[in-house]
Amino acid sequence: MAKPGHAWSRPPAERKAEEGDGDGEEGEDPLEARIARTGCLEQHRELQQCMAERRDWRHCQSQLRAFGACMARRE
């Protein structure tokens, strides 16, 4: 049975990039590249950092709102 609470974890590609795999941008995440083109990459990274640290999206509401507002401006 699933444990109560949020079991979020970063995708393996993100972990590998942070560990310094040495291949530069060769293994760039396509989703992150699309977000970068919107101009909202900084807000996205702040949200991802909060999620990695807090492991509960409810504690990341300000980052979530900032990212959502940035993306809404781009539509």
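**Exercise 1. How many disulfides does the structure hold?**

Solution. The model is predicted, so local features need pLDDT of at least 70 and side-chain atom pairs count only at pLDDT 80 or more, whereas totals for chains, interfaces and linings use all residues. Residues are numbered from 1 along each chain as its sequence is written, and side-chain values use heavy atoms, with hydrogens and water left out.

Step 1. A disulfide is a pair of cysteine sulfur atoms within 2.5 Å. The structure holds two of them.

Step 2. In one disulfide, the sulfur atoms of Cys40 and Cys70 are 2.0 Å apart. This link is left-handed, with -90° about the S-S bond. Cys40 lies in the loop between α2 (30-38) and α3, while Cys70 lies in helix α4, so the disulfide ties together parts that are 30 residues apart in sequence. Helices (H or I, at least four residues) and strands (E, at least two) are DSSP runs, numbered from the N terminus.

Step 3. Cys50 is joined to Cys60 by a disulfide, S to S 2.0 Å. The pair links distant parts of the chain, with Cys50 in helix α3 and Cys60 in the loop between α3 and α4, 10 residues apart. The torsion about the S-S bond of Cys50 and Cys60 is about -90°, so this disulfide is left-handed.

Step 4. With bonded cysteines counted along the chain, the pattern is 1-4, 2-3.

**Exercise 2. Determine whether Cys40, Cys70, Cys50 and Cys60 are buried or exposed.**

Solution. Step 1. Buried means under 20% relative accessible area, exposed means over 50%, and partly exposed lies in between (1.4 Å probe, protein chains only).

Step 2. Cys40 has 0% relative accessibility and counts as buried. Cys70 is buried at 5%. Cys50 and Cys60 are buried as well.

**Exercise 3. Identify the salt bridges and describe the residues in them.**

Solution. Step 1. A salt bridge is a side-chain nitrogen of Lys or Arg within 4 Å of a carboxyl oxygen of Asp or Glu. By this rule the count is two. Side chains of opposite charge can pair when their charged atoms come close.

Step 2. Arg45 and Glu32 form a salt bridge through their side chains, at 2.9 Å from N to O. The pair links distant parts of the chain: Arg45 is in helix α3 and Glu32 in helix α2, 13 residues apart. Arg45 is partly exposed at 45%, and Glu32 is partly exposed at 23%.

Step 3. The side chains of Arg58 and Asp56 meet in a salt bridge at 2.7 Å, N to O. Asp56 lies in the loop between α3 (41-54) and α4 (61-74). Arg58 is exposed, with a relative accessible area of 54%, whereas Asp56 is buried at 13%.

**Exercise 4. Describe helix α2 and its surroundings.**

Solution. Step 1. Ala33, Ile35 and Thr38 are buried in α2. The cover over the buried residues of this helix includes α3 and α4.

Step 2. His44 lies in helix α3 and is buried, with a relative accessible area of 9%. Contact means heavy atoms within 4.5 Å. Residues up to four places away in sequence not counted, His44 touches Ile35 and Phe67.

Step 3. At the N-terminal end of α2, Asp29 acts as a cap, with a side-chain oxygen 3.3 Å from the backbone nitrogen of Leu31. Gly39 follows α2 and has a positive phi, near 90°.

**Exercise 5. Which element has the lowest mean pLDDT, and which the highest?**

Solution. Step 1. pLDDT is the predictor's confidence in each residue, from 0 to 100. The chain has a mean pLDDT of 78, and 65% of its residues reach 70 or more.

Step 2. Among the elements of the chain, helix α1 (residues 12-18) has the lowest mean, 51, and α3 the highest, 94. Where pLDDT is low, the predicted coordinates should not be read in detail.

Methods:
A polar contact is a pair of N or O atoms within 3.5 Å; within protein, one must be able to donate a hydrogen and the other to accept it, and residues adjacent in sequence count only if both atoms are side-chain atoms.
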